[in-house]
Amino acid sequence: FRSIALRSGSGERSGGMDQSKSAFHGRIHVHRGNSGASCVPQDRQGVSFRTGDIVGVYKIAGLIGSGGAGRVFKAEHTITGRIDAIKVLAANQPGAQEQAARFLREIRIQASLDHPNIASVHNAFWEGDGLVMAMEFVEGESLKRILERGRLPIGTALEYACQALSALAYAHAHHVTHRDITPANMLVTARGRVKLTDFGLAKAL
């Protein structure tokens, strides 16, 4: 696979927008693990992996979640043994070129930020015709799901809010606006650490 430059800026074009335009015109090619049949049809109905698939240097451990634009999988780095989350876009969707360009922008923006309350991007690479983002695996659940179970104690709510504001203040100081702050985009670990995720609508100023 080819790693892409993660820093933003006009001088770095490796894996740039010209490549992203064709990122999802074809299927993502994966090596098969022990799971058997091909996971992506030739007619590009979508992008999907199964447990045991090898994608780049990652072995798929399972699906974390999916939405209209893409899917996030739990994966093990086959060299280091580290557990990461990898994100890919669904293929053959309306506005695929725009989605691919936005995904590349998301990767570069999120990778430029280093803060304990922002999920870290570890790597990004092309696998076949698809772009893959490898990021920190956060062991926890979304604030949205937590709130669905009932109201938070005032002290806990204030603690979560302070952590989220710390992440946003850091991002703003580095000329990045998130523009999609919702409970669904905040993950909370078992120890109460808030992690801001999903920079798909973020903008570098």
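Select Glu127 and Gly130 to begin: Glu127 stands opposite Gly130 in strand S7, where strands, like helices, are DSSP runs numbered from the N terminus (E, at least two residues for a strand; H or I, at least four for a helix). The model in view is predicted, so that local features need pLDDT of at least 70 and side-chain atom pairs count only at pLDDT 80 or more, whereas totals for chains, interfaces and linings use all residues. Residues are numbered from 1 along each chain as its sequence is written, and side-chain values use heavy atoms, with hydrogens and water left out.

**The hairpin and its neighbour**

Extend the selection to strand S6 (residues 121–127) together with S7, and an antiparallel pair joined over 6 bridges appears; two strands are said to pair if DSSP finds at least two bridges between them. S6 and S7 form a hairpin with 2 residues between them, and Gly128 in the turn has a positive phi of about 65°. Now colour S7 (residues 130–136) by accessibility: 6 of its 7 residues are buried, so this strand is largely enclosed by the rest of the structure, buried meaning under 20% relative accessible area, exposed over 50% and partly exposed in between (1.4 Å probe, protein chains only). S7 also runs antiparallel to S5, to which it is joined by 4 bridges, and along this pairing Ala85 stands opposite Met135 in S7.

**Salt bridges, from S5 to the helices**

From S5, select Lys87 and then Glu106, which form a salt bridge whose closest N and O atoms are 3.0 Å apart; the term covers a side-chain nitrogen of Lys or Arg within 4 Å of a carboxyl oxygen of Asp or Glu. This pair links distant parts of the chain, with Glu106 in helix H2 (residues 96–111) and Lys87 in strand S5 (residues 83–89), 19 residues apart. Glu106 and Lys87 are both buried. The structure holds 6 salt bridges, and two others are worth displaying here.

Staying in helix H2, select Glu98 and Arg102, which lie 4 residues apart, about one turn of the helix, and whose closest N and O atoms in the salt bridge are 3.5 Å apart. Glu98 is exposed, with a relative accessible area of 53%, while Arg102 counts as partly exposed at 26%. Then move to helix H3, where Lys144 and Glu148 are likewise separated by about one helical turn, being 4 residues apart, and form a salt bridge with the closest N and O atoms at 2.7 Å. In this pair Lys144 counts as partly exposed at 42% relative accessibility, and Glu148 is exposed with a relative accessible area of 56%.

**The three-stranded sheet**

Next select S8, S10 and S11, an open sheet of 3 strands in the order S8-S10-S11 with antiparallel pairing. Strand S8 (140–142) and S11 stand at the edges with a single partner strand each, so one side of each is left without a neighbour in the sheet. Neighbouring strands of this sheet are turned by 30° against each other on average, direction ignored, where axes are lines fitted to C-alpha atoms, for helices over the stretch in contact, and angles otherwise run from 0 to 180 degrees between N-to-C directions. H4 packs on the sheet, touching S10 and S11, and its direction makes about 35° with that of S11.

S8 and S10 pair over 3 bridges in the antiparallel sense, and Gly140 stands opposite Thr189 in S10. In strand S8, select Ser142, which counts as buried at 16% relative accessibility. The side chain of Ser142 reaches the backbone nitrogen of Arg145 at 3.1 Å. Leaving aside neighbours within four places in sequence, Ser142 is in contact (heavy atoms within 4.5 Å) with Pro183, Ala184, Met186 and Leu187.

**The nonpolar core**

Finish with the largest nonpolar core, which has 18 residues, those with the most contacts inside it being Leu113, Ile118, Val176, Leu196 and Phe199; such a core is a set of buried Ala, Val, Leu, Ile, Met, Phe, Trp, Tyr and Cys residues joined through side-chain atoms within 4.5 Å. The elements that give two or more residues to this core are helix H3 (143–148), helix H4 (154–173), strand S10 (186–189) and strand S11 (194–196), and H4 gives the most, with 6 residues. Centre the view on Val176, which, not counting residues up to four places away in sequence, touches Ile109, Leu113, Ala171, Phe199, Ala202, Lys203 and Ala204.

Conventions
Polar contact = N/O pair within 3.5 Å; in protein donor to acceptor, adjacent residues only side chain to side chain.
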